[in-house]
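Please open the model in your viewer and keep the selection tool at hand, as the tour moves from one selection to the next.

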Amino acid sequence: MAGNTRVARVVLSAVAIAATVAAQPTRGSGTAPLPPADLGDTTRPIRLAGSVVMDDGSDLPRNIAIKSICNGVERVVGTPHADGKFDFQWVSNNMGQPDATQSDLDTTTSKLGGPGMSTRTGSSLGGVSGDQIKNCELAVVLPGYRSSRINLYNHSSTSNPNVGIIVLHRFGNDEGHFVSETTLRAPKDAKKAWDEGLVLLTKNQRPEALASFQKAVKAYPGFADAWLRIGVTELELRQPEPAKESFQKAMEIDAKLIGPWLEMGFLASTAADWPSTAKYLDQAVKLDPTGSSKAWYLDATAHFNLKNYDEAERGVRKAIELDPKHQNPRADFLLGLVLIAKEDYKDGADALRAYVGAVPNAGDLEMVRGELARIQPLIH
């Protein structure tokens, strides 16, 4: 009975982990953010610095562009040096919108672009105010490659400007994409409605944006990206059931479009529907193995609750690998639970201690200490 009680308590803890993370903003999330920090004086410039590296250690390809992703709207903000380092300032202009201004960046004009993306470095970004940088991420855009994302959720003018490393990964044949080829084939009227919807999003006019995206799919029913954006906007308007239908439509049109799999997996995790979470996020991380720490983490949580401990360990270790700034210390907690379930008590205890060290005031601290005390006699 004691063992059953412990298992139940552990499972409930994993559910709580998932619920905590799933409650955070999910739009394109690369990591599971902690509660918001004080953003400081949002009228002051915010410096962002870091580097871009290849996942296999090889030299960087040419023509790399760094982009911001704010509330689903993408803008190119610059290019790194040949050694991969970048450094620029994010400031609010007098229109209440942020600009990325070049610092030590190569100021050549980028020839890369896409739907809703500026093709000029140092351009206005997505129409979000300075204090909404918490809704933004940084990533690299380059045909044939995918990058990890840096979440700016807790970044402010008083933060350490070094936001970390963007890891660039060359596509494999079985991997997915963030922009569907159907967008390139969209007729003029559908593309016009799509662009209008993106502009309306930058003004936080979501009902109007939704109407524009719906106009786009009416003109071009095979517009997978527009169906995805409809679903995301419906979620933001608290319409989860229509959103699910829109995501399913996007999947049917383009099964390698990553966004719908992520969104459906995140939705399932908020309901603790672990079979569905695993179904959707297994596919999401297969299509995008180096992009989202949060996807790997919630996928691992699902597999833990389904007692697929090997898959859970693989997932949570990948989540930790993709979270170099350790923004989600609960990953250590989950890893500890997984390892203990696999009877690896020593490494499980080490992971739980790492969690306690990172979050000394955690609400579940007494439970964690009790678990550590329980397994201590089992450590050899």
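Begin by selecting helix α5 (residues 224-236) together with helix α6 (residues 240-253) in this predicted model, and look at how α5 passes α6 in a left-handed crossing. The two helices pack at an angle of about 165°, with their axes 8 Å apart; because angles over 145 degrees count as roughly antiparallel, α5 is described as roughly antiparallel to α6.

Next, show the side chains where the two helices meet: on the α5 side these include W227, L228 and I230, and on the α6 side they include P242, F247 and I253. The residues of this contact divide into 12 nonpolar, two polar and two charged.

Now move along the chain and select helix α9, residues 293-305. At 1.5 Å a residue, its 13 residues should span 18 Å, and the end C-alpha atoms are 19 Å apart, which agrees. Is this helix enclosed or open? With 13 of the 13 residues of α9 buried, the helix is largely enclosed by the rest of the structure. Just after α9, pick out K307, which takes a positive phi of about 65°.

Finally, select V338, which is found in helix α11 (residues 330-341) and is buried, with a relative accessible area of 0%. Leaving aside its neighbours within four places in sequence, V338 is in contact with F304, Y309, A312 and E313. To end, draw a distance between the C-alpha atoms of V338 and T301, which lie 37 residues apart along the chain and are separated by 9.2 Å.

Notes. Residues numbered from 1 in each chain as written. Predicted model: local features only at pLDDT ≥ 70, side-chain atom pairs only at ≥ 80, totals over all residues. Heavy atoms only, no water. Helix = DSSP H or I, 4+ residues; strand = E, 2+ residues; numbered from the N terminus. Expected span 1.5 Å × (residues − 1). Buried < 20%, exposed > 50% of the residue type's maximum accessible area, 1.4 Å probe, protein only. Contact = heavy atoms within 4.5 Å. Axes fitted to C-alpha atoms, helices over the stretch in contact; angles between N-to-C directions. Parallel < 35°, antiparallel > 145°, perpendicular 65-115°, else oblique. Left-handed = near helix turned anticlockwise from the far one by under 90°. Nonpolar A, V, L, I, M, F, W, Y, C, P; charged D, E, K, R; others polar.
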